[in-house]
Amino acid sequence: MDSRQGCRLPLGRRGEARVLLTAAQVLPFPERLHLSVRFASAPWDRLVPSFSPRGDLLDVGCGPGLLAHLLRRARFEGRYTGIDPDPRKVGRADRWLGGDPRNRFETSGVEDVPPRAFSQVAIIDVLYLIPRSGRGTFVERALAGLRPGGSIVILTSGGGPGWKRLLDRLQERLAVAAGVTRGAAVEPCDGEEIATLLRAAGLEPITVTAVGSGYTHGFELVEGRLPDRG
Ligand SMILES: C[S@@+](CC[C@H](N)C(=O)[O-])C[C@H]1O[C@@H](n2cnc3c(N)ncnc32)[C@H](O)[C@@H]1O
């Protein structure tokens with residue numbers, strides 16, 4: 001949480017976008033394109049400094065491994081474990097990043113997270129796919145993986161100014177109408193909703209930072225720390 005000690009991307013957004021295309025060369029072009037679009041559509045440069053460069057990190061809903069790649073670019077030296085219920089995404093992540101013995105990718109859900117095994121947990125742009133009624137349990141299960149004193153970094157995408165919230169609700173309706181998505185839902189989630197869950201679980205301090213300027217989604221970064229006891 002102390003951004004002065006956090007990971008740092010060595011290049012700006014354009015430079016990192018170019019490096020990403022080269023780094024993912026083992027993947028077919030459509031998969032590399034997907035990674036590039038994903039990189040361009042979220043504020044990674046504002047997010048990466050929230051992580052400490054050491055420790056055991058769990059990335060819940062890791063998708064094709066973009067956070068793992070960016071953390072290594074930012075000199076993250078610890079062990080990284082990415083989990084996702086979608087085997088296609090996990091397979092893709094493993095193909096381009098699994099050669100690094102410090103990285104592990106698994107097809108599994110948050111219910112399988114081992115207790116107190118990690119010093120940092122990330123949930124990046126996943127919660128809008130979890131039905132609102134189930135988010136408390138989801139976050140609780142992710143927190144169970146944290147050791148005392150560990151930190152959680154969550155990126156939500158459903159906050160910000162009124163027009164962005166309206167766009168998100170429109171997307172929600174379209175997704176429901178089309179029956180699209182691999183998640184259980186498309187239901188916008190903002191930072192304060194998640195901060196309330198972290199507060200109830202006893203984390204402190206908790207910060208919510210708007211990081212969506214320049215993007216179509218109202219991205220919010222929620223950070224919290226588990227008390228150093230127990
Ligand atoms: C928008 S993608 C974000 C992927 C990655 N975190 C990133 O930022 O590039 C959402 C991810 O959440 C995953 N997901 C959906 N439902 C999930 C669940 N119940 N538990 C964990 N991950 C889930 C999807 O498979 C997908 O990879």
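Which helix gives the most to the lining of the largest pocket? Keep that in mind while you find your way around; the model you have open is a predicted one.

**Stop 1: the pocket**

Start with the empty space. Rolling a probe the size of a water molecule over the atoms shows where such space is left. Here, the largest pocket comes out at about 1200 Å³. To get to its middle, select K89, D125, V126, Y128 and L129, the residues of the lining that lie nearest the centre. In total, 50 residues line this pocket.

Now colour the elements that build the wall. α2 (29-40), β1 (56-60), α4 (66-73), β2 (79-84), α6 (135-144) and α7 (162-178) each bring at least two residues to the lining. And there's your answer to the opening question: α7 gives the most, with 5 residues.

Try colouring the lining by class, too. You should get 25 nonpolar residues, 13 polar ones and 12 charged ones.

**Stop 2: the ligand**

Next, show the ligand. Where does it sit? The space it takes is the largest pocket, the one you've just been looking at.

Select the residues that surround the ligand and you'll have 16 of them. The closest are R38, G61, D84, P85 and I124. By class, this shell splits into 9 nonpolar, 2 polar and 5 charged residues.

Zoom in on three of those close residues, one at a time:

- G61: a polar atom of its backbone is 2.7 Å from a nitrogen atom of the ligand.
- D84: here the side chain takes part, with a polar atom 2.6 Å from an oxygen atom of the ligand.
- I124: back to the backbone, where a polar atom is 2.9 Å from a nitrogen atom of the ligand.

How much of the ligand does the protein bury? On its own, the ligand exposes 590 Å², and the protein buries 88% of that.

**Stop 3: two backbone oddities**

Leave the ligand and switch to a backbone view. Most residues other than glycine have a negative phi, and most peptide bonds are trans. Two spots in this model are worth a look with that in mind.

Go to R75, in the loop between α4 and β2. R75 is not a glycine, yet its phi is positive, at about 65°.

Then select E204 and P205. The peptide bond that joins them is cis, with an omega of about -5°. To see where you are, show the neighbouring elements: P205 lies in the loop between α8 (191-200) and β6 (206-210).

Terms used
Residues numbered from 1 in each chain as written. Predicted model: local features only at pLDDT ≥ 70, side-chain atom pairs only at ≥ 80, totals over all residues. Heavy atoms only, no water. 1 Å grid on protein atoms, 1.4 Å probe; cavity = no way out; pocket = protein on both sides within 12 Å on 5 of 7 lines; lining within 4 Å. Points joined across faces, edges and corners; volume = space filled by probe spheres on them. Helix = DSSP H or I, 4+ residues; strand = E, 2+ residues; numbered from the N terminus. Nonpolar A, V, L, I, M, F, W, Y, C, P; charged D, E, K, R; others polar. Near = heavy atom within 4 Å. Polar contact = N/O pair within 3.5 Å; in protein donor to acceptor, adjacent residues only side chain to side chain. Areas by Shrake-Rupley, 256 points an atom, 1.4 Å probe, with all protein chains shown as cover. Sits in = over half its atoms within 2 Å of the grid points.
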